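Trainee: Before I use the labels in this description, I would like to hear the reasoning behind each of them.
Mentor: Then let us set each value against its cut-off and see what follows.

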Amino acid sequence: MHVVIMGCGRLGSTLAHKLDARGHSVAIIDQNADAFRRLSGDFKGITVTGIGFDRDVLTAAGIERADAFAAVSSGDNSNIISARLARETYGVPRVVARIYDARRAQVYERLGIPTVATIRWAADRMVRHLVPEGTVEVFRDPTSAVSIVEAPLHRDWIGKSVKALEEATGARVAYLMRFGIGSLASPSMVLQDGDQVFVLVTDDTVGDVLKIASGAGVGGH
């Protein structure tokens, strides 16, 4: 893949290194040439100095052959202008923008541009570390909408199927750990003593899901 990144701050430079290390072709844009000092000496991609929504700059970065575009500068307006330009003018199939204003992020999501609302995500993560409320969260998507949590099972669920658990809780089982080994759970899989079950939830549903999973009286399922 050829990936164009706008913004060589901490996020942009880290992203560039990760993609470069995976063997992808990377071009990174920043209007401040000093920002490229964040890139290590073994970075194999190209750097382009200029404004990320300037067409000549984008052309120099290879936007016309890009498979993906990430707008991760420090400015919401610049990020969304360049992201829309990449998507609508150059037809880049994968576009993502970092947006600090969560309200704006929701608008751009509806326009079909995935966003990472940095402040909202960070705040939610902080709350969960400060007030964990007994929930073991192992993953949260960048928009902070969906998470994977461990659902401690009541002993009454032993011998019941994954499908029964999903139907009772309304949640999807993402995976389970059995004897220390992770596996994708099929609906017909029977739950065993010692299983660690991890489910996909939203903030609105997690309370009810965990209550049902950990509660007694599931005999009919």
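**Reasoning from values to labels**

Mentor: Let us begin with helix α6, residues 162-169, in which Val162, Ala164, Leu165, Glu166 and Thr169 are buried. The model is a predicted one, and the buried residues of α6 pack against β9 (172-178), β11 (196-201) and α7 (206-214). After α6 comes Gly170, with a positive phi near 75 degrees.

Trainee: α7 is one of those packing partners; what makes Lys211 an exposed residue?

Mentor: Lys211 belongs to helix α7, and its relative accessible area is 63%. Exposed means over 50%, so Lys211, at 63%, is called exposed. Its C-alpha atom is separated by 8.8 Å from that of Thr169, although the two residues are 42 apart along the chain.

Trainee: Why is Asp20 called buried?

Mentor: Asp20, which lies in helix α1 (residues 10-21), has a relative accessible area of 7%. The label buried requires a value under 20%, and Asp20 is therefore buried at 7%. Leaving aside residues up to four places away in sequence, Asp20 touches Val26, Asp42, Phe43, Lys44 and Gly45.

Trainee: How do you know that Lys44 and Asp20 meet in a salt bridge?

Mentor: The N to O distance between their side chains is 3.6 Å, and a salt bridge requires a Lys or Arg side-chain nitrogen within 4 Å of a carboxyl oxygen of Asp or Glu; the pair therefore qualifies. The two residues belong to distant parts of the chain, with Lys44 in the loop between β2 (25-30) and β3 and Asp20 in helix α1, 24 residues apart. Lys44 counts as exposed, at 64% relative accessibility, whereas Asp20 counts as buried at 7%.

Trainee: What makes the approach of the Lys44 backbone nitrogen to the side chain of Asp20 a polar contact?

Mentor: That nitrogen lies 3.1 Å from a polar atom of the Asp20 side chain, and the distance cut-off for a polar contact is 3.5 Å, so the pair falls within it.

Trainee: How many salt bridges does the structure hold, and what makes Arg178 and Asp195 one of them?

Mentor: There are four. The side chains of Arg178 and Asp195 meet at 2.7 Å, N to O, which is within the 4 Å limit, so the pair is a salt bridge. Arg178 lies in strand β9 and Asp195 in the loop between β10 (181-183) and β11, so the pair ties together parts that are 17 residues apart in sequence. Arg178 is buried, with a relative accessible area of 17%, and Asp195 is buried too, at 13%, because the label applies under 20%.

Trainee: Why is Asp34 called partly exposed?

Mentor: Asp34 has 44% relative accessibility, and values between the 20% and 50% cut-offs are called partly exposed, so that label applies to Asp34. Its salt-bridge partner is Arg37, with the closest N and O atoms 3.6 Å apart, and Arg37 counts as exposed at 70%.

Trainee: What makes Ile51 eligible for a nonpolar patch on the surface?

Mentor: Ile51 lies in the loop between β3 (46-49) and α2 (55-60) and is partly exposed, with a relative accessible area of 41%. Patch residues need over 30%, so Ile51 passes that cut-off at 41%. Ile51, Phe53 and Ile81 form the patch, with about 250 Å² of accessible area together.

Methods:
Residues numbered from 1 in each chain as written. Predicted model: local features only at pLDDT ≥ 70, side-chain atom pairs only at ≥ 80, totals over all residues. Heavy atoms only, no water. Patch = residues over 30% accessible without salt bridge, like charges linked within 9 Å, V, L, I, M, F, W, Y side chains within 5 Å. Areas by Shrake-Rupley, 256 points an atom, 1.4 Å probe, with all protein chains shown as cover. Helix = DSSP H or I, 4+ residues; strand = E, 2+ residues; numbered from the N terminus. Buried < 20%, exposed > 50% of the residue type's maximum accessible area, 1.4 Å probe, protein only. Contact = heavy atoms within 4.5 Å. Polar contact = N/O pair within 3.5 Å; in protein donor to acceptor, adjacent residues only side chain to side chain.
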